[in-house]
Amino acid sequence: MIKVENLVKTYSGYTALNGISFEVKKGEIVGFLGPNGAGKTTTMRILSCYLPPTSGKVEVAGYDVLQKPLEIKKRVGYMPENVPLYTDLRVIEYLKYRAKLKGIRGKELTERVQSVLKLCHIEEVASSIIGNLSKGYRQRVGLADALIHDPDLLILDEPTIGLDPNQIRSVRELIRNLGQRHTIILSSHILSEVEAVCTRVLIINKGKIEAADTPENLSKLVRGGSVGALRLEILCKPSIAKEEFELIGDVDEVEILEEYPDGWIVIQLWPKLGSDIRDKVYNVIQKKGWKLREMSRVKATLEDIFVELTQD
Ligand SMILES: Nc1ncnc2c1ncn2[C@@H]1O[C@H](COP(=O)(O)OP(=O)(O)OP(=O)(O)O)[C@@H](O)[C@H]1O
């Protein structure tokens with residue numbers, strides 16, 4: 001669906017994209033992550049033919065962005081970061097107008113408008129003036145606009161920015177449902193959201209792709225790998241616990257995180273890459289007769305991976 005090779009974009013001599021390459025296959029929901037100014041919006045604008053690349057090759061749905069922008073626009077729905085809407089129009093008027101601009105006419109126009117009103121859960125505000133709608137509803141109107149021509153590819157630039165937690169959850173559900181019929185590329189700073197909906201993640205930093213993989217595989221890039229660390233709350237002297245756990249062959253490091261006045265300690269054990277040390281750790285605790293009130297795995301989150309890959 002998307003094929004980007006060595007894409008460079010410069011703005012009056014400033015390099016925003018420094019030779020990025022990636023592919024997105026049909027049916028994927030790809031999360032595009034990166035710090036502010038990394039180049040996400042620039043990439044999305046190039047993919048949706050709003051900006052030309054400086055150099056490199058960009059193909060969307062098999063068409064080149066420079067040679068066949070109209071063919072691409074027919075197949076792409078783009079929702080920019082700040083959804084531009086005509087605030088004096090009613091929702092239904094706006095969507096009809098946008099559908100006409102996209103070449104939809106007659107019976108199909110009525111059907112498409114009804115379909116996106118339903119899909120984006122905005123039927124009840126169809127007759128409302130857009131300027132009177134809350135941010136969450138405006139965001140959905142923007143999404144309905146992006147979907148009106150039933151595009152193969154949806155490009156969503158921070159679709160949940162400025163929404164409250166309930167609205168975020170419902171837009172996330174909506175995106176997940178849309179993912180059943182559309183290929184989606186979305187940018188977001190809410191990493192838990194990306195983790196929840198995306199099948200693959202691209203991390204971009206200073207105009208370069210740092211990593212591109214499933215969240216599960218990306219977790220292997222950081223300490224503890226996909227197994228993670230083991231966190232325990234036990235009743236025992238910290239120095240003795242450290243000594244005993246360090247004797248387990250698969251343990252790489254023992255960290256005392258907390259010492260409570262009543263003698264309980266919180267301890268974190270880092271296994272050697274890929275090892276599952278839970279049984280061995282439990283055996284030590286049992287043999288020593290220590291009290292245990294919690295044992296949990298601490299896996300690297302997308303946030304840990306993001307920080308590790310993009311921090312200076
Ligand atoms: N029209 C422009 N003219 C000059 N510089 C620009 C222009 N658009 C973007 N830039 C610069 O290019 C770089 C990448 O910007 P871009 O908006 O693509 O980043 P982003 O990853 O989307 O950031 P954010 O998370 O803050 O939205 C930034 O340094 C930005 O200031």
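This report describes the domains of a predicted model and one of its sheets.

## Two domains

The chain of this predicted model is divided into two parts: domain 1 covers residues 2–219, and domain 2 covers residues 225–310. Taken over C-alpha atoms, the centres of domain 1 and domain 2 are 42 Å apart.

## Where the domains touch

Domain 1 gives 15 residues to the contact, and domain 2 gives 11 residues. On the side of domain 1 that touches domain 2, at least two residues come from each of four elements: helix 7 (191–197), strand 9 (200–205), strand 10 (208–213) and helix 8 (215–218). By residue class, this side of domain 1 consists of nine nonpolar, three polar and three charged residues.

## An open sheet of four strands

Strands of a sheet pair through backbone hydrogen bonds, in either a parallel or an antiparallel manner. In this model, four strands form an open sheet in the order 2-1-4-5, and their pairing is antiparallel. Strand 2 (14–24) and strand 5 (63–64) are the edge strands, each of which pairs on one side only.

Strand 1, made of residues 2–11, pairs with strand 2 in the antiparallel sense over eight bridges. Within this part of the sheet, lysine 9 stands opposite leucine 17 of strand 2.

## A helix across the sheet

Which strands does helix 1 lie across? Helix 1, residues 40–47, lies across strand 1, strand 2 and strand 4 (55–60). The direction of helix 1 is at about 120° to strand 1.

Definitions and conventions: Residues are numbered from 1 along each chain as its sequence is written. This is a predicted model: local features need pLDDT of at least 70, side-chain atom pairs count only at pLDDT 80 or more; totals for chains, interfaces and linings use all residues. Domain bounds come from an automatic or database domain assignment. Two residues are in contact if their C-beta atoms, placed from the backbone, lie within 7 Å. Ala, Val, Leu, Ile, Met, Phe, Trp, Tyr, Cys and Pro count as nonpolar, Asp, Glu, Lys and Arg as charged, and the others, Gly among them, as polar. Two strands pair if DSSP finds at least two bridges between them. Axes are lines fitted to C-alpha atoms, for helices over the stretch in contact, and angles run from 0 to 180 degrees between N-to-C directions.
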